[in-house]
Structures are given as structure tokens and as C-alpha cells.
Amino acid sequence: MRVAITGASGFVGSHCLAVAVAAGHEVRAVVRNPAKARAAAVLHGLDPDGIDVAFADLTDHDALRASLEGADALIHAGAVFSLDPRDARRMRAVNPTSTRVLLEEAAERSLDRVVHVSSMGVYGAGRTRVDPNTPTGPECGAYTGSKIEADAIAVAHQEAGQPVVIVCPGGIIGPRDPSPELSDSMAPVLDGLRRSVVPLPKGACFGMVDVRDVAAVCVGSLTTGSAPARYLVAGHLVGPADLLRLSAHLTGRPVRIVGFPAPLLTAVGLLCDLVGRATANKMPLGLEVARMTAANMRAGGLQEVDQASAADAFGFPTISLEATVAETVAWLHSAGHLSDEQAGNLAG
């Protein structure tokens, strides 16, 4: 198929690019920075000159529409993803609107398949069980709000009979993140790996998923299964403390975990937002993350996600949590994000 991929220079999008090329699809990378697209292709071992690149910022609606010229399918992985409160207004404006423009154009051009990358974040953070029929919301802030609205647009196209597949990943980690500063889903992992004493929320539990498994579901959805469809790909349900203990076991580095209560977490998140706005600095925690985590903690953590449809169609997940953590740490070391000491047994 001739597949247009928005956000193809980002974490999920670049992995989708690599998987699509490996599957034999003709790929068009729809990006706002062609140089970053070339760098992402090289990171994944692809020939950058063999990738068709279309320049289209998510705010340039005419360019977005034109990027689908001649395409058979679309993977919409592009979005403003930031947990920085200074990006709130941009997320609320860009994410739903760009989704609406692209899906309307895809319907106008009668594309064979559209894959919309949503998020497990569209579901209320206080839910303990989620299945494909669980209502979305409520939001915890600008990012989740923008994704809920974009998800609703994709659902509306499904209800209108369009061949739209919605993929909802959990917290995404894994090797080969094209961003020099790492994506907002990877940066907290790196921060924890660099410390010997780490404050973590007590009783929280989230879905953590390998970016390669997410890409496999997105690209697989182009030719496998029916559409409309909705795939929950939360991944492995694990507490942040247990995730860090696993990394400590694999690296051989001792780590002391300090419990963080929910009320204090929310207060610190609010303080970080205020300081970040006042100083124009990116802070290690924001109010939206604090709200999500606190709600998760109060509910006793996410306990069950119905991922059966993704498991049946794609054998999801194919990568164990231990393999994800080991390969992520090894890549972070090889990319210069972790020192020999921080990577421990996985340095090399």
C-alpha cells in the first residue's frame, strides 16, 4: 500500500515508518522538519533518500490535505505531545483540528484504511478496568483533553462507516527515540535511571508498552482485521516502583525508592506548573501528570485492560517487559543518555 504517516519523525511515527518499510509498503513521511525525518530514517537503519517526505505542519491544513495525494492509507501518529503547561493552548487547538482535517480528507479521497493513534489517556485516570466499550473521559488536563476530542472525531468517522482503526497505547517506552531530548513518555524513565534515590507514587499502576509493539499494531491494522475497529494496547500493567526495581535488577545498580503520597503529588505538580510558567523552564513534573497519577493511586491502580482484540489479530504484546527495559537501557547508554555507571550491567 501507499501509506502516508504523520509524525513520522517522532517516537511512534518513526517506528511505524520502519515497520511499514519492512512490510513492503510505499511510505510517505508527513513531517514539519524534513531534516529530522532524514535523521529518524537513519536511526532506524533506513535509506533517507528512499523515503518520500512531505512537508506539512499540523497547523497547515492545505499541506495536510495535499499530503494524502495518491495515498491508499493513512497512519495518523502526529500530535502535539507535551506535559508542559505552556503547550496547553497549542495542544487543545492542534490535536483535534488536525485530526478532523486529515480524516475528512481521507474520507473524501476514499482511502482504504485510516489508523488513528489515540491513547489510553483518553480514559479516566481513576478507572481500574477498561475495555473497548468504556466511555472516554474525564480529562486531567490539556493533553488528555485534546486526545479525548481527537478520539471522538475518529469515532464519528467510524460511525459514519469509514474504515478507521483507533489504536490506544499505554505509556510508551523503548529504544530509538529520535528526539535529542527524548519524548515526554521517555524522559521520566531516563530521569529515574539516572538517580540512586527516586521518589515514586505509592500504589500507582499503569500500562507500559514497547513502542515497537505499538508500531506493529498500527502498521498491521492497514491490512489485518476489519475496520472500523478499536485496539487497546496498554501493554504490561506495572507500578512505577516495580518498573524501577526491574531496571535496578537488570543494571545491577542499587536504587532506593521513596514513597510519594497522592495529596503531596498534586501539590508538587501545581508548584512545578507555576515555577515552569514563571521561569519558562521545563519542569520534571506537571499538574496534569500529577492529577492522572493521583487519581490512579486513589483508585488502587489500573488493574485490567481488555486487549484481546489486539492479541488475537497481532499476537500483542510480542515483547516482554523485561526485554523492553533491557533494550531501552542499552540503547539509552549507546545513544549517550546514560553513563557506564548508570547503565551498569547493560553498558556495552
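**Reading a helix crossing and two ring pairs**

Modeller: Helix α1 passes α7 in a right-handed crossing (the near helix is turned clockwise from the far one by less than a right angle). Helices here are DSSP runs of H or I, at least four residues, and strands are E runs of at least two, numbered from the N terminus. This is a predicted model, where local features need pLDDT of at least 70, side-chain atom pairs count only at pLDDT 80 or more, and totals for chains, interfaces and linings use all residues. Residues are numbered from 1 along each chain as its sequence is written, and side-chain values use heavy atoms, leaving out hydrogens and water.

Colleague: At what angle do the axes of α1 and α7 cross?

Modeller: Roughly 60°, with the axes of α1 (residues 11-22) and α7 (residues 211-220) coming within 8 Å; axes are lines fitted to C-alpha atoms over the stretch in contact, and angles run from 0 to 180 degrees between N-to-C directions. The two helices are therefore oblique (not under 35, over 145 or 65 to 115 degrees).

Colleague: And how do I read a pair of aromatic rings?

Modeller: A ring pair is described by the distance of the centres and the angle of the planes. Rings of Phe, Tyr and Trp (its six-membered ring) pair if their centres lie within 6.5 Å; planes under 30 degrees apart are stacked, over 60 edge-to-face, the rest tilted. That rule gives two aromatic pairs here. F81 and Y143 have ring centres 4.8 Å apart and planes at 45°, so they are tilted. F81 sits in the loop between β4 (73-76) and α4 (88-108), while Y143 is in helix α5 (residues 142-159), 62 residues apart.

Colleague: What about Y231 and F314?

Modeller: Their ring centres are 5.1 Å apart with planes at 75°, so that pair is edge-to-face. Y231 belongs to strand β11 (residues 229-233) and F314 to helix α11 (residues 308-314), so parts 83 residues apart in sequence are tied together.
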